[in-house]
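Reader: I am new to protein models. Please show me how to read a few features.

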Amino acid sequence: MNRVIDRRLNGKNKSAVNRRRFIRRFRQQIREAVADAITERSITDIDSGEKINIPARDISEPTFRHGSGGEREAVYPGNTEYVAGDKIKRPQEGGGAGSQASNSGEGVDDFAFNLSREEFLEFFFDDLALPDLVKTQLATQVEFKKVRAGYSRTGIPANINVIRSLKGALSRRIALRAPQERRLQELEQELERLRAEGGAAPARIAELEEEIRRVSARINVIPFIDTFDLRYNNRIRLPRPTTQAVMFCLMDVSGSMDEERKDIAKRFFILLYLFLTRTYERIKVVFIRHHTTAKEVDEEEFFHSRETGGTVVSSALELMHKVIAERYPTALWNIYAAQASDGDNWNDDSPLCRNLLVEKIMPLLQYFAYIEIKPDEHQSLWREYLHVKTRCANFAMQRIDGLPDIYPVFRKLFKKKAAA
């Protein structure tokens, strides 16, 4: 009997399937825990993993058991106090230790486990997408994707196709053994015939027996599987078109934006930056800070510079329009923008911002998201932007009162839309 022993090593994360099944089952509880974690974190560890607690009531499963009624007779070992016929008062229910008693009467703690960074971000950006990402262009660097392309005779052990290799080995053995087996069958029939005739031609019988042993040896030396039989899964690289997009991040750093509001704005843009870099492979981000004047800066300066001043929001919009005209032609790029401000602006500048958006900027953009960080009444910029919203379907605006509002507002602005 032939045996095949697969000596390939088991891959890492053998329990990954069970872990994914558990996460899928308690998806809603984990999503709520992730939303709560965002409001309690600092900017530097906003994308790290998280410890998740699943309440015991959610992991318990329904079981059949005896109820509180009825009569039961039982004799337990080790009893030295009672004798047969004694009546024992039933103990009070719910008196076990711990916050909650299980079905067996023992306390059960909440189930806790740690989400990895990747799993945390997966829940964090679940069901989010840049809207209206339609313009597809082949990028300057062609991207490839691997696709299956039949089988090859060379490869690494991890790519061995066991079924295809065994099929090849079986076909080879049938082809090599067939003439030998026919010859063996003929020899055995002749030997049987001579023996049936009785005592005739002993030399021929010995010759046939020797020939049978020689043919049987030839059949047995045919290997069960040979390196010639091995087949490997073959994958080839095919170029694929890529979508390219640019996101403009506009942050108000004027004097009216105190440290708390700047912290909220930074958190919002960090979420946006993580979302973009994790979800899309080919996207560029342009950072613009502004007070009375606007300046394009790098990531480090955008999040950590302490420069401040008065407020002229139109300076940032004009700079964005200039950058689009110079570097990002609308025929080739999906253009997005996100703006964070407290809405405090010079009175004669807010109408100018409205006109800039409606007449020059919005026709170039796929989507513009504005957040006003203001716990009390709206400012002039908000009122002007309401006119933009009524005239431009790709314009969205939300208000953030405090840290707990960041995550729900972010999800609301970038919620993936159902396909039409």
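Author: We will take a helix residue, a surface patch and the cysteines in turn. This is a predicted model: local features need pLDDT of at least 70, side-chain atom pairs count only at pLDDT 80 or more, and totals for chains, interfaces and linings use all residues. Residues are numbered from 1 along each chain as its sequence is written, and side-chain values use heavy atoms, with hydrogens and water left out.

Reader: Where does Ser350 lie?

Author: Helices are DSSP runs (H or I, at least four residues), numbered from the N terminus. Ser350 belongs to helix H10, residues 350–361.

Reader: Is Ser350 buried or exposed?

Author: Buried means under 20% relative accessible area, exposed over 50%, partly exposed in between (1.4 Å probe, protein chains only). Ser350 has 1%, so it is buried.

Reader: Which residues does Ser350 touch?

Author: Contact means heavy atoms within 4.5 Å. Leaving out residues up to four places away in sequence, Ser350 touches Asn345, Ser380, Leu381 and Glu384. The side chains of Ser350 and Asn345 also share a polar contact of 3.4 Å. That term means a pair of N or O atoms within 3.5 Å; within protein, one must be able to donate a hydrogen and the other to accept it, and residues adjacent in sequence count only if both atoms are side-chain atoms.

Reader: How exposed is Leu166?

Author: Leu166 sits in helix H5, residues 162–197. Its relative accessibility is 31%, so Leu166 is partly exposed.

Reader: How many disulfides are there?

Author: A disulfide is a pair of cysteine sulfur atoms within 2.5 Å. The count here is zero. Cys249 is buried at 2% relative accessibility, and Cys353 is buried at 0%.

Note on methods: Helix = DSSP H or I, 4+ residues; strand = E, 2+ residues; numbered from the N terminus.
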